[in-house]
Amino acid sequence: FEQIDPLAFERGRSAYLASTAIAQAAMAADATRAGRNAAWATHLGERLATGARVLACACDADWPLALAARGLDAMDLGRLPRDAGAVPRELFARHADASLDALTALALPLLLRGWSLAGLLADARRVLRPGGVVLLAFAREGVALVESLRGMPATSLTVDLVEHALAVAGFVEVRRMDAADGSPALLARAP
């Protein structure tokens with residue numbers, strides 16, 4: 001029995017590494033990705049002051065870099081120090097009330113694994129300063145592809161449903177901001 005756990009661990013690790021390699025290859029072949037991220041970062045930067053604190057969730061490493069290039073202080077939720085087994089919802093809850101200027105999730109369905117949309121939006125309202133901005137997108141991100149390749153299903157949502165949920169949660173100025181590559185996104189402001 002002592003050898004079963006190490007073998008299972010190694011198989012899981014190998015599957016994860018293979019999934020990561022496939023996702024990286026897919027992201028490298030995506031010719032529209034840089035333009036999409038630059039356009040969304042520009043839209044966000046136009047609504048925030050230089051140095052604004054942005055929590056970047058469910059995204060690849062290039063997204064926080066695109067935000068930083070616009071003068072924003074981007075923190076990547078996936079790269080924040082975490083306790084073993086902590087899920088995004090728990091890490092997100094560690095942020096103080098009204099401590100962020102913006103929250104982004106480029107692969108929103110990935111972020112909602114084990115977390116309700118209503119719960120996410122309530123937490124977003126809590127951590128965003130008045131007038132803070134939320135950008136929720138349905139982009140093809142490598143982090144989400146890895147999970148899909150590993151057989152972990154993402155939450156199934158439509159952009160229209162999320163748009164209604166934002167309004168019901170009290171966000172204002174909710175508008176579509178789809179990328180040129182067709183990736184749907186929503187931008188909204190906390191009251």
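This is a short tutorial dialogue on reading the sheet and helix packing of a predicted model.

User: Where do I start with the sheet: what is the strand order, and is the sheet open or closed?

Analyst: The strands follow the order E2-E1-E3-E4-E6-E5 in an open sheet of 6 strands, and the pairing is mixed. Strands E2 (73–76) and E5 (172–176) each have a single partner strand, so they stand at the edges with one side lacking a neighbour in the sheet. From one strand to the next, the twist averages 15°.

User: How do I read the pairing, and which way do E1 and E2 run?

Analyst: Begin with the direction and the bridges. Strand E1 (residues 53–57) and E2 run parallel, joined by 4 bridges. Val54, for instance, has Ala74 in E2 as its bridge partner.

User: What is the sense of pairing at E6, with E4 and with E5?

Analyst: E4 and E6 pair in the antiparallel sense over 5 bridges, with Leu135 bridged to Leu187 in E6. E5 and E6 also run antiparallel, joined by 3 bridges; here Arg176 stands opposite Leu186 in E6.

User: Is E6 largely enclosed or left open by the rest of the structure?

Analyst: Side chains in a regular strand alternate between the two faces of the sheet. In this case 4 of the 5 residues of E6 are buried, so the strand is largely enclosed by the rest of the structure.

User: Which strands do helices H2 and H8 touch?

Analyst: H2 packs on the sheet against E1, E3 (100–105), E4 (128–137), E5 and E6 (185–189), and its direction makes about 170° with that of E4. Helix H8 (residues 159–168) also packs on the sheet, touching E4, E5 and E6; its direction makes about 175° with that of E5.

User: How do H2 and H3 cross?

Analyst: The axes of H2 (residues 33–47) and H3 (residues 62–69) come within 9 Å and cross at roughly 45°. The two helices are therefore oblique to each other, and their crossing is right-handed.

User: Which residues make that contact?

Analyst: An α-helix has 3.6 residues a turn, so residues three or four places apart point the same way. On the H2 side the contact involves Arg33, Asn37, Trp40, Ala41 and Leu44; on the H3 side, Asp62, Trp63, Ala66 and Leu67. By class, the contact has 6 nonpolar, 1 polar and 2 charged residues.

User: Which residues of H7 are buried, and what follows the helix?

Analyst: In H7 (residues 142–149), the buried residues are Gly142, Ala144, Val146 and Glu147. Just after the helix, Gly151 takes a positive phi of about 85°.

Terms used:
Residues numbered from 1 in each chain as written. Predicted model: local features only at pLDDT ≥ 70, side-chain atom pairs only at ≥ 80, totals over all residues. Heavy atoms only, no water. Axes fitted to C-alpha atoms, helices over the stretch in contact; angles between N-to-C directions. Parallel < 35°, antiparallel > 145°, perpendicular 65-115°, else oblique. Left-handed = near helix turned anticlockwise from the far one by under 90°. Contact = heavy atoms within 4.5 Å. Nonpolar A, V, L, I, M, F, W, Y, C, P; charged D, E, K, R; others polar. Pairing = 2+ DSSP bridges. Buried < 20%, exposed > 50% of the residue type's maximum accessible area, 1.4 Å probe, protein only.
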